[in-house]
Structures are given as C-alpha cells and as structure tokens.
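Biologist: I would like to learn how to read the place where two chains meet. Could you walk me through it?

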Protein chains: 2
Amino acid sequence: MTHTATIQPLTAQAFAPFGDVISTDAATQAFTINRGSTERFHDLANVQLLGVQARVLVSIFRAQPRPSPYTIEMMERHPFGSQAFVPLNNRPYWVAVALPQLSEISPTDVQVFLAQAHQGVNYHAGVWHHPLMALDDVSDFLVIDRLGLESNCDELSLTGALQLVRGLK
Amino acid sequence: MTHTATIQPLTAQAFAPFGDVISTDAATQAFTINRGSTERFHDLANVQLLGVQARVLVSIFRAQPRPSPYTIEMMERHPFGSQAFVPLNNRPYWVAVALPQLSEISPTDVQVFLAQAHQGVNYHAGVWHHPLMALDDVSDFLVIDRLGLESNCDELSLTGALQLVRGLK
C-alpha cells in the first residue's frame, strides 16, 4: 500500500532537526555593509566538512522536474558533510527528509516540505534525504557540499512507497 | 579627469587572473547523478579559507542597484579568503577587478565585466574588487566567503575616478 505524504510549508523552525533554511527571512543576523548599498543576511548555513582531506565544493546541479504524483522509495545521506541546495531559477521544489539516527525508514518517518523559490536548504551531515526533486521545469541549483577521502553516500530503501502529490503552492 | 571603462563580457578565460566564473558553461567536469535525473557541473570555485580559525560562511547579500553612469573611486580585497557571488534574481551585474599585487590602482588597471544572470564570480584571496554592483533592481546574491580571526578587508582609493556606463547587454 502506498502512503501519501502530507506536504508542509518549509520554515526554519520545522526544518531545524534536519538542517538550515537559507533565506533572508530565516536569518538571525543582518547588517548593512558597503556604505549602505547592501544588506548582509549573515551566516545562514552550518557547512560541515568532516573526515580526511575535506574541502568545500561549489557546484551547480541541473535537475529534471519530477511529475506529480511522484513516488519515492529510497533516501540517501552523506555522513561526512553537509549539503546545501539553493535554487537559481525561481522555482519551488520538494524536500523529503528523515532523522539521521534511523537505520530503517518507513514512509511515516519521512517529512516532506515544499520549498519556495527563495529558500535554500542545507542538510546537516548524516540527515537522510531524497535526491533533488525539482518541479515544473528543468531547474538549476547552486550546491555547496564536501569532497574528501571517505566514501560519503549511503542509500537506504524505504520500507514502503511514499507518494508525493502537488497541492500546496 | 574621469576615465570611462570598457565593459567586457564575462568569460572564464578573461576572468581567470582574478578568480572563477560559476556557471554551467564554465564547468570543466560534468556528470550525471541521481539515476539520470540530475547533471552535476562539478567543483566550479576554488574556495580559499586562510588564516586562523577559518571557516566557510554562506550568506545572502541584498544589493541596491547602481545607476548608470556610475563612478567608482575605491576597491577592496580580502587577503585571507575567496569571496563568491551567485545571482539569485536572474539579473546581470557589474564586476570590477584589479590584480592582487598592485599597491596603487589607476583607473586603467581596473578591468570591468558585465556578468550575466546565470554567472556567478569567485574572487580569489587578495584580488582587488569593487563592492557588489547590482543593476536594474534590488537583487539578492548568494555569497560564499570566510570567517576567521584576522581582519580580512583592505580598502584602497583609486588614483582617479572610473566611470561605468551601461551599454553591453
């Protein structure tokens, strides 16, 4: 039997167990710089670089859009580093996460969010998440993650299928 | 006398003495991930974190647009870290840079580029650059830079004024 996800709006508070929301409205520090011409929304993501010879990577992911309904059956995690996604094309996307301590994930363990176009997310190290789920059209995301010596991707099948349906705007 | 800048299109090759262009078309490595749903344009910026207790910062800068013509009279540099800017609102912006070894900067030492909406830039540590110059409207940029113990911003007045005029599209 396929379980259907409740899709929540993305807020910094609801996402806190999984990582950071990267947006001006999630900022806890903001100040004016450059002689008043710019406002700096400061330090929005905890970039984690663990393990041996770790360094930060900046990349662009170009994602094909997912249809609705869309069924997810697996998740992945990166034990040695955080991974941030920031949308570059002003389109919303889905985010599905589960707590890092889980060694088995049932559909009801998964929390699903609709991220708005102005919101990035930063998954903390070890947080289970579904690969990027763009919506509506091919979409580019700036990605900030980690390169190092260790293998840094675990995958796990869900114990059952979880269906995502576009509804919330 | 005010010198008027020649504004060049931004390319990875022309910008190489100053840093990296962050865009899919500047990528030297790209590969498919997530079972074919995503293309990863990999490792687009050399993020430099020098000095004591250095860590990477992810922030958003919200910049007021500059008028045209606009006159610049100073530049700044960050000796202990790179600083990347990636546009989030699909608008072009101006980039003005000079080589890091200069201890005096004349208007003719400054190279000015028009960066397109899909192009980020990463200034390497020590490269002289003008503060963010958004165009057309208030614009947000994702910024990847460095926090650490040392003071990390030098400023220098140009030996003469340099005028930027919007022309190139």
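Modeller: Let us go through the interface step by step, keeping in mind that this is a predicted model.

Biologist: How many residues of chain B are in contact with chain A?

Modeller: Counting contacts gives 42 residues of chain B, which meet 42 residues of chain A.

Biologist: And what area is buried between chain B and chain A?

Modeller: The size of an interface is often given as the accessible area lost when the parts come together. Here about 3,500 Å² is buried between the two chains, and carbon and sulfur atoms give 55% of that. On the chain B side, Val58(B), Ile60(B) and Arg62(B) supply 17% of the area buried against chain A, more than any other three residues.

Biologist: Which charged groups meet in a salt bridge?

Modeller: Look at the side chains of Glu155(A) and Arg35(B), which form one at 2.9 Å, N to O. The rule finds six salt bridges across this interface, and it also finds 24 residue pairs in polar contact, both residues at pLDDT 80 or more.

Biologist: Which strand gives the largest share of the side of chain B that touches chain A?

Modeller: That is β6(B), with nine residues. The whole touching side of chain B divides into 20 nonpolar, eleven polar and eleven charged residues.

Biologist: How does β6(B) run relative to strand β5 of chain A?

Modeller: The two strands run antiparallel, and four bridges join them. To find your way in the picture, start at Phe41(A), which stands opposite Ile60(B) in β6(B). Ile60(B) is also one of the three residues named earlier for their share of the buried area.

Notes
Residues numbered from 1 in each chain as written. Chains lettered and ligands numbered in written order. Predicted model: local features only at pLDDT ≥ 70, side-chain atom pairs only at ≥ 80, totals over all residues. Heavy atoms only, no water. Contact = heavy atoms within 4.5 Å. Buried area = accessible area lost by both parts, 1.4 Å probe. Salt bridge = Lys/Arg side-chain N within 4 Å of Asp/Glu carboxyl O. Polar contact = N/O pair within 3.5 Å; in protein donor to acceptor, adjacent residues only side chain to side chain. Nonpolar A, V, L, I, M, F, W, Y, C, P; charged D, E, K, R; others polar. Pairing = 2+ DSSP bridges.
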